[in-house]
Amino acid sequence: DGPATDPSQVEDAATALAAMLTGASRPLLVFDLPAVRWGALPAIEEFCAGLDIPYFCTLPAVHQAHTEHPQFMGILPGKDADRQRIFSEADLVVACGLIESDVTTGFFSLGLDAKPVARLHTGYTQLGGPSWTDSAVYNGVPIAEVLTAVRHKITGDADGRRRWWTPPAPLPFAIASEDGDLTEEFVF
């Protein structure tokens with residue numbers, strides 16, 4: 001059983017996040033394993049598809065991602081230049097269940113402090129600056145409920161938003177060598 005939901009806080013958080021999204025021209029979403037554990041992945045995919053927002057996952061969440069989803073861009077941080085460009089050009093990051101650690105941020109190289117970040121966690125949402133003193137915190141707001149509420153608030157506006165990102169080329173798949181050697185490229 002998850003944290004208790006506060007409907008008025010969900011409404012307030014959704015209104016504030018909808019305003020952030022409306023003001024952003026290049027938003028994206030990144031999710032980490034806690035978002036999956038709390039059952040938010042279907043809401044994340046519906047949210048991103050409905051608003052045509054690209055999304056990434058962290059290394060711990062990679063096996064939970066649906067790689068065939070049109071908005072799915074892969075793992076962050078990654079080595080693909082096209083995908084890194086999409087992240088670097090974003091002007092708003094919606095971080096769902098993101099545990100900011102050396103593993104999930106590429107040794108803190110993502111530069112999240114340089115962008116507006118909406119941090120959605122299992123029981124609260126933090127909107128605004130990187131510190132608690134310059135942000136608004138809404139308690140009792142599960143990730144899926146906030147995303148669903150935001151999606152209902154922005155319905156119609158999504159059609160007017162111009163797609164700011166171009167789907168990158170598919171990532172190549174490594175093929176096992178014919179001589180049976182197990183290569184590092186194939187393993188990763």
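Select Arg-85 and Glu-89 to begin: in this predicted model, their side chains meet in a salt bridge, with N and O 3.3 Å apart. Both residues lie in helix 4, which covers residues 81-89, and their separation of 4 residues is about one turn of the helix. Colouring by accessibility shows Arg-85 as partly exposed, at 30% relative accessibility, and Glu-89 likewise as partly exposed, at 31%. Side chains of opposite charge can pair when their charged atoms come close. The count of salt bridges comes to 3, and the tour turns next to the other pairs.

Select Glu-11 and Lys-153, whose closest N and O atoms are 2.6 Å apart in a salt bridge. This pair links distant parts of the chain, with Glu-11 in helix 1 (residues 7-23) and Lys-153 in helix 5, 142 residues apart. Glu-11 counts as partly exposed at 39% relative accessibility, while Lys-153 is partly exposed with a relative accessible area of 34%.

Move on to Arg-163 and Asp-52, where the side chains form a salt bridge with a distance of 2.8 Å from N to O. Here too distant parts of the chain are linked, the two residues being 111 apart in sequence: Arg-163 sits in the loop between helix 6 (157-160) and helix 7 (184-187), and Asp-52 in the loop between helix 3 and strand 2. The relative accessible area of Arg-163 is 37%, which makes this residue partly exposed.

Stay on Asp-52 and display its backbone torsions. Just after helix 3, Asp-52 takes a positive phi of about 50°, a positive value in a residue other than glycine. Its relative accessible area is 23%, and because buried means under 20%, Asp-52 counts as partly exposed.

Step back from Asp-52 into helix 3 (41-51) and select its buried residues, which are Leu-41, Ala-43, Ile-44, Glu-45, Phe-47, Cys-48 and Leu-51. Two of these names, Ala-43 and Phe-47, return in the lining of the largest cavity, together with Glu-46, Leu-147, Thr-148 and Arg-151. Select that set of residues and look at the space between them: the structure holds 1 cavity of 30 Å³ or more, and the space in the largest cavity is about 30 Å³. Helix 3 and helix 5 (143-154) each supply at least two residues of this lining, whose residues divide into 3 nonpolar, 1 polar and 2 charged. Helix 5 is thus a useful element to keep on display, as Lys-153 of the salt bridge with Glu-11 also lies in helix 5.

Now show the cysteines. How many disulfides does the count come to? The count is 0. Cys-96 is in no disulfide, and the nearest cysteine sulfur, that of Cys-48, is 7.5 Å away, so the pair falls outside the 2.5 Å within which two cysteine sulfur atoms would be taken as a disulfide. Cys-96 is buried, with a relative accessible area of 0%, and Cys-48 in helix 3 is among the buried residues of that helix. Selecting Cys-57 as well adds another buried cysteine, also with a relative accessible area of 0%.

From Cys-57, go along the chain to Pro-60, which is placed in the loop between strand 2 (55-57) and strand 3 (72-75). Is Pro-60 buried or partly exposed? At 37% relative accessibility, Pro-60 counts as partly exposed. Add Phe-31 to the selection and draw a distance between the C-alpha atoms: Pro-60 and Phe-31 are 9.8 Å apart in space, although their positions lie 29 residues apart in sequence numbering.

Finally, clear the selections and view the whole protein in cartoon. The protein has 7 helices and 7 strands, and read along the sequence they follow the pattern α-β-α-α-β-β-α-β-β-β-β-α-α-α. Of the 188 residues in the protein, 44% are buried. With contacts switched on, one may keep those between residues at least 6 apart in sequence; among these, 64% join residues at least 24 apart. The salt bridge between Glu-11 and Lys-153, 142 residues apart, is one link between distant parts of the chain, and the salt bridge between Arg-163 and Asp-52, 111 residues apart, is another.

Conventions:
Residues are numbered from 1 along each chain as its sequence is written. This is a predicted model: local features need pLDDT of at least 70, side-chain atom pairs count only at pLDDT 80 or more; totals for chains, interfaces and linings use all residues. Side-chain values use heavy atoms; hydrogens and water are left out. Buried means under 20% relative accessible area, exposed over 50%, partly exposed in between (1.4 Å probe, protein chains only). On a 1 Å grid over the protein atoms alone, a cavity is a set of points where a 1.4 Å probe fits but cannot get out, and a pocket is an open set with protein on both sides within 12 Å along at least five of seven lines; lining residues have an atom within 4 Å of a point. Grid points are joined across faces, edges and corners, and a volume is the space filled by probe spheres set on the points. Ala, Val, Leu, Ile, Met, Phe, Trp, Tyr, Cys and Pro count as nonpolar, Asp, Glu, Lys and Arg as charged, and the others, Gly among them, as polar. A salt bridge is a side-chain nitrogen of Lys or Arg within 4 Å of a carboxyl oxygen of Asp or Glu. Contact means heavy atoms within 4.5 Å.
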